[in-house]
Amino acid sequence: MEIRSSAFFIGNTIPFKYTCDGDDISPPIYWEDPPQGTQSFALILDDPDAPKQTFTHWVVYNIPADNRELPEGITQEPKLKNGGVQGKNSFGKLGFGGPCPPPKHGAHRYFFKIFALDQSLDLPPGATKEELLQAMEGHVLDKAEVMGRYARETE
């Protein structure tokens, strides 16, 4: 399975408009080649370089198995038009929260991880990354990730 974005190349800078300094909208994400038996997908975006602990920027689950993308600018609604459900990020909000490392902290890495699951999950909107990981346990058929970087301008 593979995941990518048309907004940035693997390991390169995530464009300004997808960050807290820009429009703070979600970038387009695409995936392909899920394994046979996939019933749903889940996506987690997190920053392992955050000062205190890994910071979660986006949690989406129960994306239907026939879907292969999350288009740019997903709104912060609990349920997506495609049938997916959004969880709570570390900002305490539903949906996407763009890269936003502390000023003068250098570039952080942002990992977009897609999971192919053998079932849909019994989770209400607003689940945390931890709740999602627990619900996915034993149901992950495959996973893939793409990483982008972002650093804030020094003041």
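**Entry 1: burial and the whole chain**

I count a residue as buried when its relative accessible area is under 20%, as exposed when that area is over 50%, and as partly exposed in between. With that rule in hand I looked up the share of buried residues in this predicted model, and found that they make up 42% of the 155 residues in the chain.

I then checked the overall dimensions. A compact globule with 155 residues would have a radius of gyration near 15 Å, and because the chain has 15 Å, I note that the two agree. The box that the C-alpha atoms fill, taken along the principal axes, is roughly 50 × 30 × 25 Å. For the accessible surface I wrote down about 7900 Å², of which carbon and sulfur atoms account for 46%.

**Entry 2: secondary structure, contacts and charges**

I went through the secondary structure next, which comes to 1 helix and 8 strands. Read along the sequence, the pattern is β-β-β-β-β-β-β-α-β, with the helix standing between β7 and β8 in that order.

I also looked at how far along the sequence the contacts reach: among those between residues at least 6 apart, 70% join residues at least 24 apart. On charge, I noted 15 positive and 22 negative side chains in the chain, with the centres of the two sets lying 5 Å apart.

**Entry 3: an aromatic pair and Asn 89**

I searched for aromatic pairs and found that the structure holds 4 of them. The one I followed up joins Trp 58 and Phe 96 in an edge-to-face arrangement, with 5.3 Å from centre to centre and 80 degrees between the planes. This pair links distant parts of the chain, since Trp 58 sits in strand β4 (residues 55–64) while Phe 96 belongs to the loop between β6 (85–86) and β7 (108–117), 38 residues apart. Both Trp 58 and Phe 96 are buried.

Which residues does Asn 89 touch, once its neighbours within four places in sequence are left aside? I found Asn 89 in the loop between β6 and β7, and its contacts include both members of the aromatic pair, Trp 58 and Phe 96. The others are Thr 56, His 57, Leu 94, Gly 95 and Gly 97. Asn 89 has 5% relative accessibility, and therefore I entered it as buried.

**Entry 4: Lys 104 and Ala 151**

I stayed with the loop between β6 and β7, where Lys 104 is also placed. Lys 104 has a positive phi of about 60 degrees although it is not a glycine, and its relative accessible area of 60% makes it exposed.

From there I turned to Ala 151, which is found in the segment after β8 (140–150). Leaving aside neighbours within four places in sequence, I saw Ala 151 in contact with Pro 101, Gly 106 and Ala 107. The C-alpha atoms of Ala 151 and His 105 are 7.4 Å apart in space, although 46 residues separate them in sequence. With 34% relative accessibility, Ala 151 counts as partly exposed.

**Entry 5: the loop between β2 and β3**

I looked up two residues in the loop between β2 (29–32) and β3 (40–47), and one of them is Gln 39. Is Gln 39 buried, partly exposed or exposed? At 47% relative accessibility it counts as partly exposed. Beyond its neighbours within four places in sequence, Gln 39 is in contact with Ala 65, Leu 117, Asp 118, Gln 119 and Ser 120. I also compared its position with that of Trp 58, which is 19 residues away in sequence and 21 Å away in space, C-alpha to C-alpha.

The other residue is Asp 33, which lies in the loop between β2 and β3 and counts as exposed at 53% relative accessibility. Asp 33 is not a glycine, yet its phi is positive, at about 60 degrees.

**Entry 6: Lys 17**

My last look-up was Lys 17, in the loop between β1 (2–4) and β2. Its relative accessible area is 33%, so I recorded Lys 17 as partly exposed. Apart from neighbours within four places in sequence, Lys 17 is in contact with Gly 22, Asp 23, Asp 24, Ile 25 and Glu 72. From Lys 17 to Pro 27 I noted 10 residues in sequence and 8.7 Å in space, C-alpha to C-alpha.

Key
Residues numbered from 1 in each chain as written. Heavy atoms only, no water. Helix = DSSP H or I, 4+ residues; strand = E, 2+ residues; numbered from the N terminus. Rg over C-alpha atoms; globule rule 2.2 N^0.38 Å. Buried < 20%, exposed > 50% of the residue type's maximum accessible area, 1.4 Å probe, protein only. Contact = heavy atoms within 4.5 Å. Areas by Shrake-Rupley, 256 points an atom, 1.4 Å probe, with all protein chains shown as cover. Lys, Arg positive; Asp, Glu negative; His and termini not counted. Charge placed at Lys NZ, Arg CZ, Asp CG, Glu CD. Phe/Tyr/Trp six-rings, centres within 6.5 Å; stacked < 30°, edge-to-face > 60°.
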